[in-house]
Amino acid sequence: MKQFYKSKSLLRLSFLLAILFSVISVVNSCKDKDEDEEYVDHIVMFEAKINTKGPTPAPNPPVYGTFKTVVTQVGTNPTTTFNPTGTTWSSGEQFVNSSLSQLNLAANAVLPYSDSELIINIWVDGEIVKTQKVIGVGEKSASIYYSFVGL
């Protein structure tokens, strides 16, 4: 009878150890997956350009397009630049961690001719990842976004 009792206790103990081992394995495997998600710093630059293509011969003085606003957003932090000068605007290079997940760029410009172009680009690590071109005359707007999160 004692032998039967010992084997029953040993069976219960084995069963408890198996369950405990299974629970620990599941917890550790879930923990490893969370740690695999590593965020990386990237070099990001926003750029907006106006290409003024006009009649030939060009008027004297030449007529260029003008920016009204350029808005950038990294994560949840927007930055607005009003009336930037020139026909090319750039944010300059900045380090952005991929944990911020999304980049946004919008530009608004007045273009003088029907074949003038407003071009906006988002650069990540030295490569253009998103671009948009708007062609026309008058006030034109363009906007793009880029996400570090793989969909």
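**One helix, nine strands and three salt bridges**

Good morning, and let me begin with the interior: of the 151 residues in this chain, 26% count as buried. Please keep in mind throughout that what we are looking at is a predicted model. The surface is the other side of that picture, and here the chain exposes about 10,500 Å², with carbon and sulfur atoms supplying 58% of that area.

Let me turn to the overall layout. The chain has one helix and nine strands, and if you read along the sequence you meet the helix and then the strands, in the pattern α-β-β-β-β-β-β-β-β-β. When we take the contacts between residues at least 6 apart in sequence, 64% of them join residues at least 24 apart.

Now to the core. Which residues touch the most other members of the largest nonpolar core? They are Phe-46, Phe-67, Leu-103, Leu-105 and Leu-118, out of 22 residues in that core. Several strands contribute to this core, since S1, S2, S6 (102-111), S7 and S9 each supply at least two of its residues, and the largest share, five residues, comes from S6. Phe-67 is a good residue to find on the structure, because you can follow its neighbours, leaving aside those up to four places away in sequence; among them are Ala-48, Ile-50, Pro-84, Trp-89, Asn-108 and Leu-118.

I would like to spend a little longer on two strands that sit one after the other in the sequence. Strand S7, residues 117-124, and strand S8, residues 127-135, pair in the antiparallel sense over eight bridges. One example of this pairing is Ile-119, whose bridge partner in S8 is Lys-133. The hairpin that S7 and S8 form has two residues between the strands, and in it Asp-125 takes a positive phi near 55 degrees.

The charged side chains bring us back to these strands. In general, side chains of opposite charge can pair when their charged atoms come close, and in this chain the count comes to three salt bridges. In one of them, Glu-117 meets Lys-53 at 3.4 Å, N to O. Glu-117 lies in strand S7, whereas Lys-53 lies in the loop between strand S1 (41-51) and strand S2 (66-74), so this pair ties together parts that are 64 residues apart in sequence.

Are the two partners buried or exposed, or something in between? Glu-117 has a relative accessibility of 8% and therefore counts as buried, the limit being under 20%, while Lys-53, at 39%, counts as partly exposed.

Glu-117 also meets Lys-133 in a salt bridge, at 3.6 Å, N to O. Here the two residues lie in S7 and S8, so the pair ties together parts that are 16 residues apart in sequence. Lys-133 is partly exposed, with a relative accessible area of 48%. Taken together, Lys-53, Glu-117 and Lys-133 are linked in a network of salt bridges.

Another salt bridge joins the side chains of Glu-139 and Lys-68, at 3.0 Å, N to O. This pair also links distant parts of the chain, with Glu-139 in strand S9 (residues 138-147) and Lys-68 in strand S2, 71 residues apart. Lys-68 counts as partly exposed, at 33% relative accessibility.

If you would like one place to start when you open the model, try Glu-117, which is buried and which is linked with Lys-53 and Lys-133 in the network of salt bridges. Thank you.

Definitions and conventions. Residues numbered from 1 in each chain as written. Predicted model: local features only at pLDDT ≥ 70, side-chain atom pairs only at ≥ 80, totals over all residues. Heavy atoms only, no water. Helix = DSSP H or I, 4+ residues; strand = E, 2+ residues; numbered from the N terminus. Buried < 20%, exposed > 50% of the residue type's maximum accessible area, 1.4 Å probe, protein only. Contact = heavy atoms within 4.5 Å. Areas by Shrake-Rupley, 256 points an atom, 1.4 Å probe, with all protein chains shown as cover. Pairing = 2+ DSSP bridges. Salt bridge = Lys/Arg side-chain N within 4 Å of Asp/Glu carboxyl O. Core = buried A, V, L, I, M, F, W, Y, C linked by side-chain atoms within 4.5 Å.
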